[in-house]
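Here is a short guided tour to read alongside the sequence and the 3D view. Take a moment to look around before going on.

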Amino acid sequence: MADEKSRLQVSSDFCSDDEMLDDDDYHSLWQDGQDSMKGSLYLPHNMSMREDISQQSTVIKQGWLSKNPPQGALYYQRRWVRLDSDYLRYFDIEKAVYSKGIISTAFITKVTAVGDLKLEVVTSNRTFIFKAESEDDRNEWVNALEECTRGRRRSSVPSPSLMSDLQGYLELRGLRSKLYTVIVSDKVFLYKNIDDYHIGVGITSIEMNVGSVKETDRRSFDLITPYRIFSFTAESEQLKDQWVDAMRNAIGLALSTSEIAERIWAEPSNSSCADCAAPKPEWAAINLCVVICKRCAGEHRGLGPSISKVRSLKMDKKVWTEELIQVFLLLGNERVNSFWAANVPPSEALTPSSCSEDRRRYICNKYRQGKYRKYHPLYGNQQELNDALCINVQCSDVLETLSLIFCGADVNCSTGMASCPTPLSLATTHSQPLQAEVISLNLNTELPSEINQEMDPAHYQPSPCVSHNGFLFKIASMARAITERKNKEEFCRRWCTLNDGLFSYYDSDKNANPNRSLKISEIVCLAVDLPEKHGYNYTFELYSESERLYLFGTSDPDSHKEWVKSIAKSLIPAAAEPLLRLNFERIGKLKYKDGLNLQTSKVGWFALVGSTLHAYLESSQGEKIHLRKLNELSIQQDNGVLVLVEKGRTLYIEGERKLDFAGWCGAIQEAARSGGDTLSEQQLTETDVPVIVLSCIGFITQYGLKSEGIYRKSGVNSRVAALCERFRRDARSLCLKEGEHQVDDVSNTLKRFFRELEDGLFTSENANMWLTVAASAHENSKISQYKNLLNQLPHVNKATLQALINHLYCVQCFSDLNQMNLHNLAIVFGPTLFQTDGKDYTAGRAIEDLIQHYILIFEVDEQQLKKQLEEIKAILMMHDKLNVKFPPRPEFTPAPSFICTVYLEEKDGTIEQSVQIPGSMTAAELTCEVLDKRNIPFKDKEYWSCWEVCDKEEMERPLHYQERVLAILHSLGTDSHLLIKKHPGMDAMLVYLSAKSDASKHGMMKFREERSILGLGLPSGNFHDRYFILSSSSLRMYKEIRSNRPEREWPTKNLKVYIGIKKKLRAPTCWGLTVVNESKKQEKSERQQWYLCCDTQSEMKEWLAAFLSFQYDGDVWPQDGLQQTRVSRVLPDARHGNVSLIPLRGSENEMRNSVAAFSQDALSDVLLVSPLFTCDKKSRSSTHA
Ligand SMILES: [Zn+2]
């Protein structure tokens, strides 16, 4: 501060205040106008500057003046100067929002005209000189200034410092020196320094009604306005918190003036949003004459001002002329909606909690497309509409005017009268100010047009240009799927026509009356059969909304093609038109849900082509779903949902009707299967490697690296064949498991897959070239030749080869354990991969080369490979550790412990259970395992869960059943433990969730924050009432219900919600939640802890349920109960190899219990022998056999 003081003494003697403003970096930052600001600094809402200026106090006088030059420079600077009762400001340009200088009129002591068109504005210790362009202008300025400063000087001016909410120095990014910043009620003032503040001469003021505050760093935050982002840095973290809070308060204050709102709400229907019925709407679309809530206003703004002119009832005071207020009182939301929302299907209606997506769609439908409006009887007849408008504006029926305008009457039409040529002048002449108001607000309004951008089938208009006719053969329509072949005799010849959205068939082309007409809009699916499926070789099926199936056929492939094309063309809306270009086997519409909104289903258009499902979902550009690359595909038969899980998203396709849905399910399942015996027809992972290959490699890496002679020893033929068949049927659904599957069976399955692969891994075309390279003696050029050939392989082959060679490279790294060195592996894999008889070693040589030069040929990142090998070593170490319990081998001590102690019902030594936790174990599996061990049966409505209990914080958290336990274990502190007990609230939570239809949860809770700072910062000692809104994306906290901007916002998915608040904090009720937000900021993980307190237990359960539901996309509890989540384990086949020396009971995991468990467990009669050891034994004996 001393710095600022001393600098001030240097500068304040001068009458200019501009020396700082002319500072280079300051100036560039300060320049108004868009080019000096980066695009990212702008907020999305395209609010014009003019609108914002209207919110400031009334302007007394403004205009161009020249201001005296700084520090005695010679030239004057042209400034746009504006005076209101409180401040004299000057700007670079007329449209600037933030001034270069602001002088409080309260501090102006004298205004005098001086020679040469100048005027002097004198404050206590500075004099500002302005130069006008004319004598008159100068005198006007002097008068205006005198007028508004006169009163001020008489009254004693309260020291501004007394009124300020917070003041102090802040660094503003881009400036060399700090600014003295003062928050006074709803404004923020920037001064060069504290002395300037005391004399009322500042730089600018920022209106906070358009501001929002975002914390950016430990000490920094942004004050964001539509025109500029002010990036401030405070002197400390505590001060930053204070600034942020104070600025947010100022914003709240700025937004809370409510006089006009109260008046508008006097009409009862205006007190709920015209679009979503939310109470106390504070915004209006003034040209559409609707009062709307803030969220809807956001969507209105998205329509653009040519459709909806959005104004605030509270902020845009100047807009609200008496006439406009009267229009709103006269019409009211209810009457206006009798026009705008005359035909809203109940399924499309909004509620206050509707999500943004639904709002956007509804509001776009309602106002941009006019989809729900009540059509005026004259609709479509321009001249009559115009005439009606001209007549109507002379009376007081404003609603009729609105209806005419938005049904097409031209507000700028000619009345044919010279005295009042336009409807507007007509209304004015006939003393209809309210009519005039409505008209003038809509002079440039874009009228609703039903360009069908939405894919809503109910409103889809078939393209009239599609027409086609000809003879087809059909069989009687059916109410079930056609599974059997239909012979030619079953078909009858029919004359078929497609016209005006109607598909009809007649007995003959002479008949006038069709046997049946199907509206195209009733057709939900068109399926194209493979040729020769039926007696007529080329057939297609039409599925109707009323669950009928029509089969048509022809012997002419061209006619078939033409029909399919024409029907599809009339079926598919414009937005999904690219589907028509596909060679689809099935096309149609289906209801679906996805991602964020699982409450409402939407209509999408789908086409199936090979193994790709093309989809046009609402508001999407069209996308492809690669069915063979799905992570999961399942049908929930009972509720008719097809679930497609891709990386990062889940699509739920709903069976609205049985017949076409069954068709889709069958076709999609078929398409998701391995399509054949070539590599690319397999089910693939995201890396384009067949699932079967990665499954086998993964299993061998886990359990086979120490198996002597791995890949060389043969498995049991019948089991290998069964495995191959299982993989072929659905590789994704087969999960290889230790104990269930044998290492040698799996290794041989992999070999068999490659040996039988159609076209081979190296492709029949190129395989010989690989062998030629292998046989060549030019070792030097080999690698580049291999690389060359590698790049010629199809993508899937290349990816698969790399995955396999990587695996083999790893296998030979452990050859001291498994005896499979480079050469041995090459002997085995050469003939397998090249599908040769193995009589000569060339194929083996090729594989040996590939493994040996793996890094070079595949351009492998050596660090990555090293890491991979280390991970494998860790796996092996883990196995070792589990095998040899006593004595522990010291060299392995840092190995992570995968054995943990879990308690049952309560923490007590007698009911603790040691369990080995594999990385994939879920909370549900752990729970089941512990209950099994304890012989505790499952009962209905008993929600056994695994809980994370934290003693120190006095809180506990039921894990979600799918949570991976190992990750939780790693994050547990020493004062935490896992406990298996029933979830007492789950039943109530599920009931609540099943009844809940909102996409978010709102409500008051008491809030307290844990501050990481030592006793400093904002008082955090007490619980305060706050309003919360929880959605799938975030938990937002508002100071009160009405607040526009959240005080805090946290991502829902990051939060861990614990039940309980530690007693020390004296929570006001006992229904408290502790919420932990663990976020990673720049490598550092940050942990924040909040306490939320509910008034009742059921409220707390609701919040808990909502959190869980949002975090897991509605999947809160396994549908078929916890037991079903268990992996079914199959005992190893005892017939094979050796008869187990040990009676095996339960799974291998169970065998691996710690000794502690061993002594008191139900398994205690079982000899605890290392399962790996058993494996080895088995394999050894099988080798003997
Ligand atoms: Zn609304």
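How many bridges join strand β3 to strand β4, and do the two run parallel or antiparallel? In this predicted model, β3 (residues 87–91) and β4 (residues 101–104) run antiparallel and are joined by four bridges. One of the residues to look for is Tyr-90, whose bridge partner in β4 is Gly-101.

Zooming out, these strands belong to an open sheet of eight strands, paired antiparallel in the order β5-β6-β7-β1-β2-β3-β4-β11. The edges are β5 (108–114) and β11 (201–202); each has a single partner strand, so one side of each lacks a neighbour in the sheet. As a general reminder, strands of a sheet pair through backbone hydrogen bonds.

**The zinc site**

Further along the chain, the zinc ion is coordinated by the SG atoms of Cys-273, Cys-276, Cys-293 and Cys-296, at 2.2 to 2.3 Å. The angles among these four donor atoms are 102 to 120°, which makes the site tetrahedral. Along the sequence, the donor spacing reads C-x2-C-x16-C-x2-C. Cys-273 sits in the loop between α8 (259–265) and β16 (283–285), while Cys-293 is in the loop between β17 (290–292) and α9 (294–303), so this pair ties together parts 20 residues apart in sequence. Both Cys-273 and Cys-293 are buried.

**Other cysteines**

What about disulfides? The structure holds zero of them. Cys-420, for instance, is in no disulfide, and the nearest cysteine sulfur, that of Cys-390, is 9.5 Å away. Since buried means under 20% relative accessible area, the two cysteines below both qualify because of their values.

| Residue | Relative accessible area | Class |
|---|---|---|
| Cys-420 | 5% | buried |
| Cys-525 | 0% | buried |

**Nonpolar cores**

Which residues have the most contacts inside the largest nonpolar core? They are Tyr-711, Phe-762, Trp-770, Leu-801 and Leu-850, in a core of 68 residues. Helix α23 (residues 795–813) supplies the largest share of this core, with 10 residues.

Leu-801 makes a good place to centre the view. Setting aside neighbours within four places in sequence, Leu-801 is in contact with Leu-761, Phe-762, Trp-770, Leu-790, Leu-793, Leu-850 and Phe-858. Among these partners, Phe-762, Trp-770 and Leu-850 are also named with Leu-801 for having the most contacts inside the core.

A second core, separate from this one, has 53 residues, including Ala-924, Val-949, Met-986 and Met-1005.

Definitions and conventions. Residues are numbered from 1 along each chain as its sequence is written. This is a predicted model: local features need pLDDT of at least 70, side-chain atom pairs count only at pLDDT 80 or more; totals for chains, interfaces and linings use all residues. Side-chain values use heavy atoms; hydrogens and water are left out. Two strands pair if DSSP finds at least two bridges between them. A disulfide is a pair of cysteine sulfur atoms within 2.5 Å. Buried means under 20% relative accessible area, exposed over 50%, partly exposed in between (1.4 Å probe, protein chains only). Donors are N, O and S atoms within 2.8 Å of the metal (3.2 Å for Na, K and Ca); water is not among the atoms, so sites may look incomplete. Four donors count as tetrahedral if all angles lie between 85 and 135 degrees; four count as square planar and six as octahedral if opposite donors are over 155 degrees apart and all others between 65 and 115; anything else is irregular. A nonpolar core is a set of buried Ala, Val, Leu, Ile, Met, Phe, Trp, Tyr and Cys residues joined through side-chain atoms within 4.5 Å. Contact means heavy atoms within 4.5 Å.
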